[in-house]
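I opened my notebook to keep track of what I looked up in this structure. Here are my entries.

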Amino acid sequence: MERHPTNEMVLVESRSMRDQTIDRTHVLDKVKALVTLPDSFHVTTEMVATYFEVPVETVKSVVENNRTELEERGYRVLQGSELAAFAGPFGGPANLGLSPMTRSLALFTRKAVLNVGQLLTKSEVSKQIRTYLLDVEERQTSAFQIPASFAEALELAAAQARSLEQTTAALEIAAPKSEAHDRLIANGSDHILNVIATELKVPVTRLRQQLLEWGWIYVRTAACGALQYRPYAAKLEYFSLKEKEIPHNSREGCWHVTLQVTPKGREAIRRKLAQESLEPAVRAQARKLSDDEVIDPFRLGG
């Protein structure tokens, strides 16, 4: 059975452990407030360095040594027209703290920032993050216990049987509600993201960030520079776009789109959020019940 060393450096040394804990970006704000760009999603190299209280060159060194892994977490470098399109809604590069002569801009998502924290060895902030991540991992792992005796195994089997009976009864009661829910999914109305976030009890900025990280939506810039969120083709059934003309003093005929979520999309988002909250516990259980450490209650007495 795999045991996690209490030493927080295990995250620096183990890619699998980093993968296992990378979704817990909420840890960043528990340890220290993370300042982002006005889109509430991206962070510059300088912001990352400030957060971890290290020189910018230290962050650049981590990126250089782990670029492929960081790119998997959303790290990217903007140049040329892509940089101009990104900086436009903020009023240009100057409002991002950049020189007008800047030719490239490195951007980190919250997952990429957490990834830096998993890897950075010269920061007390990163050490606190790794310790916190491992503490959470250990608590979730210890929640699943393997029976140590025949009596415990029998009790566990009985408890599972009772749970199955209760679940079956609950499903029978819920069947009419499920049919009504299916009708709502098929015939309900589309809603803006703020409404969906309120229903699911998730901050709208976090929900928008999650949709971007999942690869369900992407950002485009309107002619006036406003950010516009649109769905990828594979997720069109989850979203709809409402388009209308917005009058501007300096521009005529500027059309904006508002991203709305379909009933099917709302249900998919709810399932995805629930899945991500359960995955760490499921992985912990799988490790506990792996290989020859699975105990067969019918063999314990032999």
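**Helix H11 and what follows**

I looked just past H11 and found Lys201, whose phi is positive, near 60°. Helices here are DSSP runs of H or I with at least four residues, strands are runs of E with at least two, and both are numbered from the N terminus.

A note on the source: this is a predicted model, where local features need pLDDT of at least 70, side-chain atom pairs count only at pLDDT 80 or more, and totals for chains, interfaces and linings use all residues. Residues are numbered from 1 along each chain as its sequence is written, and side-chain values use heavy atoms, leaving out hydrogens and water.

Next I checked which residues of H11 (193-200) are buried (under 20% relative accessible area, 1.4 Å probe, protein chains only), and got Leu193, Ile196, Ala197 and Leu200. Down the helix axis these fall within an arc of 100° (taken from the directions from the axis to the C-beta atoms), so they line one face of H11. That fits the rule I know: an α-helix has 3.6 residues a turn, so residues three or four places apart point the same way.

**Cores**

I then looked up the largest nonpolar core (buried Ala, Val, Leu, Ile, Met, Phe, Trp, Tyr and Cys joined through side-chain atoms within 4.5 Å). It has 30 residues, and Val48, Phe52, Phe108, Val113, Val116 and Ile129 touch the most other members. H8 gives the largest share, five residues. Another core of 20 residues lies apart from it, with Leu200 and Val202 among them.

**Whole protein**

I noted 13 helices and eight strands. Buried residues make up 37% of the 302 residues.

How values were computed. Buried < 20%, exposed > 50% of the residue type's maximum accessible area, 1.4 Å probe, protein only.
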